[in-house]
Every structure is written in structure tokens, then in C-alpha cells.
Amino acid sequence: MNWRQFTVALVQALAWPSVVLVVLLAYRRRVAQLLGDNLRRLTVGPFEAEWDRVAGEVRASVEAASQLRAIGDEPEGVPAMLNAARAWVDINPAEAIRLGWVGVVWALDEWAEREMETMRLDRRPERPLSATHPGAAAVLRELRALRDLGTERPGDLLPRHAREFVQLADDLVGLLAKPARSPAPSETG
């Protein structure tokens with residue numbers, strides 16, 4: 001290889017990086033605006049981007065786990081589960097919805113236990129949720145539909161969706177905690 005061939009090869013190898021460098025220098029303010037203030041490092045290649053994304057998720061999970069540990073000092077059962085769901089809302093909306101649904105299921109279990117106790121004391125047949133808490137039954141149906149929608153498309157969930165779901169789950173738990181509606185005289189006998 002003579003010096004001319006070497007020069008041509010060198011120019012070919014440096015052509016596109018030189019153009020990119022000139023464009024970046026010429027439009028550095030505009031590029032900085034487009035990329036925002038959160039940019040710490042710009043690398044070419046999928047490895048670094050994937051590494052940073054996964055590392056960010058791990059940091060967020062560690063933060064959520066430390067919040068969950070603090071929640072461990074709070075009440076147990078349904079309130080603790082809903083608090084755990086709230087801790088995951090911004091980090092993993094799908095997990096927040098799953099935990100919120102677990103809280104709803106636990107609240108329904110507690111409601112069923114109270115109903116069974118009422119049945120033993122009153123000697124009345126067990127009444128479904130729709131008979132004792134008609135509003136709660138309707139909310140449960142809609143909440144189940146939201147849960148199913150989130151399960152079908154977890155990648156489309158946003159923190160606001162999870163936040164709303166957990167709030168609705170909390171509202172449903174509040175409805176279930178209220179005393180049951182007394183059956184009308186025609187329902188008892």
C-alpha cells in the first residue's frame with residue numbers, strides 16, 4: 001500500500017465520524033435541547049443503552065423495596081398490601097395493579113368471613129355481595145375489567161393508570177368495610 005492508497009483509506013474511514021462531529025458542533029445547542037438535561041452519556045451501541053435502562057430499573061426496585069420495608073412497620077393485611085401497591089405505582093405500574101388486586105381479594109375474603117359469621121349468628125342463608133353491597137359489587141366488576149385490561153397490555157400502562165387503579169381498589173375496600181345492607185322483609189322469608 002502506497003501513501004496515496006493509505007490516504008484514501010484514512011479519509012474513507014474518518015468521513016462519517018467527521019461529518020457527525022461537525023454537525024454536532026454546529027448544532028450543539030439544538031442537540032442539547034433535544035436530548036434534555038437528563039443526558040449524562042451518549043454512546044453508540046445497544047449495550048450501553050440496555051445496561052443503563054436495566055440499571056435504572058434495579059435502582060428503582062431497590063428504592064421500592066426500601067419503601068416496602070418501611071411499610072412493614074405499618075398495619076398488616078389489606079392496608080399494607082394497598083400501601084405496597086402505591087410504592088410500585090411509579091416504578092412498575094403492572095406490579096402495582098397486581099398488588100392492588102391482591103388487596104381487593106384479601107378484602108373480599110375478610111368480607112366473606114364476616115358474612116359467614118353473620119350467617120351462623122342469624123341462621124340466614126349466605127347473601128351474595130350484590131345483595132349486601134350493591135355498589136361494591138358494581139365497583140368490583142369494573143375494577144376486574146380494569147385489571148384485565150392492564151394484564152392484557154402491561155406495556156401500555158402508565159403510572160397514572162396504576163395510581164387510579166389502586167385508589168379505586170382502596171375505595172372498594174372502604175365500601176366492603178361498611179356494614180352490610182339489611183335485607184328487605186320479602187328477602188328474608
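The secondary structure of the chain comes to 9 helices and 0 strands. Read along the sequence, the pattern is α-α-α-α-α-α-α-α-α. The model is predicted. Of the 189 residues of the chain, 22% count as buried. Among contacts with a separation of 6 or more, 61% join residues 24 or more positions apart.

Helix α8 takes part in two of the helix packings described here, one with α7 and one with α4. Two packed helices are described by the angle between their axes and the distance between the axes. Helix α7 spans residues 134-152, and helix α8 spans residues 159-177. The angle between α7 and α8 is about 155°. Their axes lie 10 Å apart. An angle over 145 degrees counts as roughly antiparallel, and α7 and α8 are therefore roughly antiparallel to each other. The crossing of these two helices, α7 and α8, is left-handed.

The residues on the α7 side of this contact are G135, A136, V139, L140, L143, L146 and R147. They meet F165, L168, A169, L172, L175 and L176 of α8. By class, the contact of α7 with α8 has 11 nonpolar residues, 1 polar residue and 1 charged residue.

The second packing brings α8 together with α4. Helix α4 covers residues 78-88. Helices α4 and α8 pack at an angle of about 170°, and their axes are 10 Å apart. That makes α4 roughly antiparallel to α8. From α4, the contact is made by V78, L82, A85 and R86. From α8, V166, A169, D170 and V173 take part. The residues of the contact of α4 with α8 divide into 6 nonpolar, no polar and 2 charged. Residue A169 appears in the contact of α8 with α7 and also in the contact of α8 with α4.

Helix α4 is mostly covered, with 9 of its 11 residues buried. The buried residues of α4 are V78, A80, M81, L82, N83, A84, A85, A87 and W88. Residue R86 of α4 is partly exposed, with a relative accessible area of 35%.

The structure holds 5 salt bridges. One of them joins the side chains of D170 and R86, at 3.0 Å from N to O. D170 lies in helix α8 and R86 in helix α4, so the pair ties together parts that are 84 residues apart in sequence. D170 and R86 also belong to the contact of α4 with α8. At 28% relative accessibility, D170 counts as partly exposed.

A further salt bridge also involves α8. The side chains of R163 and D90 meet at 2.5 Å, N to O. R163 lies in helix α8, whereas D90 lies in the loop between α4 and α5. The pair therefore ties together parts that are 73 residues apart in sequence. R163 is partly exposed, with a relative accessible area of 41%. D90 is exposed, at 54%.

Another salt bridge lies within a single helix. The side chains of R98 and E95 meet at 2.7 Å, N to O. R98 and E95 are 3 residues apart in helix α5, so about one helical turn separates them. An α-helix has 3.6 residues a turn, so residues three or four places apart point the same way. At 43% relative accessibility, R98 counts as partly exposed. E95 is partly exposed as well, with a relative accessible area of 21%. The cut-off for buried is under 20%, so E95 at 21% does not count as buried.

Residue L176 is found in helix α8. At 2% relative accessibility, L176 counts as buried. Leaving aside residues up to four places away in sequence, L176 touches A107, L108, W111, R114, L129, H133 and A136. Residue A136 belongs to α7 and takes part in the contact of α7 with α8, as does L176 from α8. The C-alpha atoms of L176 and E110 are separated by 8.9 Å. These two residues, L176 and E110, are 66 residues apart along the chain.

Note on methods: Residues are numbered from 1 along each chain as its sequence is written. This is a predicted model: local features need pLDDT of at least 70, side-chain atom pairs count only at pLDDT 80 or more; totals for chains, interfaces and linings use all residues. Side-chain values use heavy atoms; hydrogens and water are left out. Axes are lines fitted to C-alpha atoms, for helices over the stretch in contact, and angles run from 0 to 180 degrees between N-to-C directions. Helices (H or I, at least four residues) and strands (E, at least two) are DSSP runs, numbered from the N terminus. Angles under 35 degrees count as roughly parallel, over 145 as roughly antiparallel, 65 to 115 as roughly perpendicular and the rest as oblique. A crossing is left-handed if the near helix is turned anticlockwise from the far one by less than a right angle, and right-handed if clockwise. Contact means heavy atoms within 4.5 Å. Ala, Val, Leu, Ile, Met, Phe, Trp, Tyr, Cys and Pro count as nonpolar, Asp, Glu, Lys and Arg as charged, and the others, Gly among them, as polar. A salt bridge is a side-chain nitrogen of Lys or Arg within 4 Å of a carboxyl oxygen of Asp or Glu. Buried means under 20% relative accessible area, exposed over 50%, partly exposed in between (1.4 Å probe, protein chains only).
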